[in-house]
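Trainee: Could you take me slowly through one part of this model, namely how its helices and sheets are put together? I would like to follow the packing step by step.

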Amino acid sequence: MKRLNGMDAMLLYSETPNLHTHTLKVTVVEPTDDGFDFDAFRRHLRSRLHRLEPLRYKLIEIPWGLNHPVWREDCDVDLDYHLRRVQVPAPGGRRELDQVIGEIASTPLDRSRPLWEFHFAEGLAGNRFAVIGKVHHSLADGIASANLLARMMDLTDVGPSHDRAEAAQPTRAGLVRIAAMGQARQLVELPRLIRDGAVGLARVRRRNRDRGSHPDLAASFDAPPTFLNHVVSPVRRFASAALPLAEVKATAAELDVKINDLILAVAAGGLRRLLLSYDGVADRPIIASVPTATDKSDRVSGNEISGLSISLPVHVADPVERVRLVALATRIAKENHEILGPSLYGRMMNYLPPRLAPALFNWLGRREAPNKIMNVAVSSVIGPRSRGHFGGAPVSEIYSTGVLSPGAPVNITVWSYADQLGIAVLTDDRTFTDAHDATDALRSAFDELRSAATPYARLTA
């Protein structure tokens, strides 16, 4: 048995009828001379299930909600259920594939089974295929997903298979014992958590006073109302685009910022265009929720994450000034995060009450009041650096999405893979006229920065 940590459990409790908490991992697969197809992918996956431990986990609830659920490990997997074929409409381009991905994202996973599905999409132009993985976020965060995908694509050697019997069904008494042990441990740790939180908050307040005011940065817990923010519908829309990684790295180097800062600046530029188009105004900075890993090991399961609240200067027209402000906002957010304690948020989630938390999140998901914490989610993950394959068929592109939050139905996720950045936008069916408005705006924002970066580099050399 494997106990869920607080972040894992929160991602279960926060799932509501309109807020699904599965993630998507989309891979585009090139054709091969020997005819790679659904059956070949099935054989590839079956032969590697021993490497993909989270795909054999099954959720077990603790009696009477005494504590967070546990994973029953090494369960049998019914591939006839978990693997599905889907047809991409003609002509099989990016838009047609994105439409299918949105439809797959619109339905929740069945909690009575291991929490994943793989949809094998046929009919792509150029005789290509796509594998659309729908995996519950409680199983894996971005770091774990990247490691899991590397194993699946044979980029990581984890040794030969070992025959393992299916884990026994736990008894009610055994589950209650696990819950009691967990509660005892939490009671022991609670005084230290309270002390660490109080000390961290006091230090953050002092540091903020020392820095002084920054009028071009959004204040914490003051996300402005925008068209991006409303009650989320259960229907999902998906849009994707790709950028050359070499150009992204060159642009970041010329502007003397980190790649993550550049990605956030691209998001700010794209969102500025969208706000001007949909709202007719972009006169205040908005707030992005940016997940950050607290553990960068080679694990393939679990959530070891926290979050940064970063101001996006959508009110600034100059793209280079937007980059400067994003870098400043990111530096402040990271410094505050370190002062407060990177693991504090995750430790707090351990104390979510299992019987009350789902009702609370369901209320938040339906609440009409604006989300003052965030306007949009933006995340960036370093994916596999080398090209992988499924059964000898090369994987040429990877896209990923996170989840939508109450009152914030836009998630922008960027994954690097080999020589490209895959940009994915997940949203509902109420936010954009066309979800590709968002990816088009993000591409235009990068082009704007790329054009601005070279003369800037010459001026500052």
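Mentor: What follows is a walk from the sheets to the helices, and then to two unusual spots in the backbone. Please keep in mind throughout that this is a predicted model.

Let us begin with the sheet of six strands, which is open and has the order β8-β15-β14-β11-β9-β10, with mixed pairing. The edges are taken by β8 (236–244) and β10 (305–312), and each of these has a single partner strand, so one side of each is left without a neighbour in the sheet. From one strand to the next, the twist averages 20 degrees. Within this sheet, strand β9 (residues 286–293) pairs with strand β11 (residues 376–382) in the parallel sense, over two bridges, and if you look for Ser289, you will find that its bridge partner in β11 is Ala377. A helix also packs on this sheet: α4 (residues 94–105) touches β8 and β15 (420–428), and the direction of α4 makes about 135 degrees with that of β8.

There is also an open sheet of three strands, in the order β1-β4-β3, where the pairing is antiparallel. Here β1 (2–3) and β3 (58–60) stand at the edges with a single partner strand each, so that one side of each has no neighbour in the sheet. Strand β1 is joined to β4 (residues 70–72) by two bridges, and the two run antiparallel; Arg3, for example, has Val70 as its bridge partner in β4. As a general point, the strands of a sheet pair through backbone hydrogen bonds, either parallel or antiparallel.

Now turn to helix α9 (residues 319–340), whose axis comes within 9 Å of the axis of helix α8 (residues 259–278), the two crossing at roughly 125 degrees. That angle makes α8 oblique to α9, and the crossing is right-handed. On the α8 side the contact involves Asp261, Leu264, Ala265, Ala268, Gly269 and Arg272, which meet Arg322, Val323, Val326, Ala327 and Thr330 in α9. Sorted by class, the residues of this contact are six nonpolar, two polar and three charged.

Helix α9 also packs with helix α6 (residues 172–211), at an angle of about 150 degrees and with the axes 8 Å apart, and this crossing is again right-handed. Among the residues that α6 brings to the contact are Gly197, Gly200, Leu201 and Val204, while those from α9 include Ile332, Glu335, Asn336, Ile339 and Leu340. The contact of α6 with α9 has five nonpolar, four polar and five charged residues.

A record helps to place part of this: an unreviewed UniProt entry lists residues 302–449 as "domain: O-acyltransferase WSD1 C-terminal". Over that range the chain is 35% helix and 29% strand, and the C-alpha atoms at its ends are 36 Å apart.

Finally, there are two details of the backbone to inspect. Most residues other than glycine have a negative phi, and most peptide bonds are trans. The bond from Ala90 to Pro91, however, is cis, with omega near 5 degrees, and Pro91 lies in the loop between β5 (83–87) and α4. Asp256 has a positive phi of about 60 degrees although it is not a glycine, and Asp256 is found in the loop between α7 (245–255) and α8.

Methods: Residues numbered from 1 in each chain as written. Predicted model: local features only at pLDDT ≥ 70, side-chain atom pairs only at ≥ 80, totals over all residues. Heavy atoms only, no water. Axes fitted to C-alpha atoms, helices over the stretch in contact; angles between N-to-C directions. Helix = DSSP H or I, 4+ residues; strand = E, 2+ residues; numbered from the N terminus. Parallel < 35°, antiparallel > 145°, perpendicular 65-115°, else oblique. Left-handed = near helix turned anticlockwise from the far one by under 90°. Contact = heavy atoms within 4.5 Å. Nonpolar A, V, L, I, M, F, W, Y, C, P; charged D, E, K, R; others polar. Pairing = 2+ DSSP bridges. UniProt positions renumbered as here; feature names shortened; annotations may be inferred.
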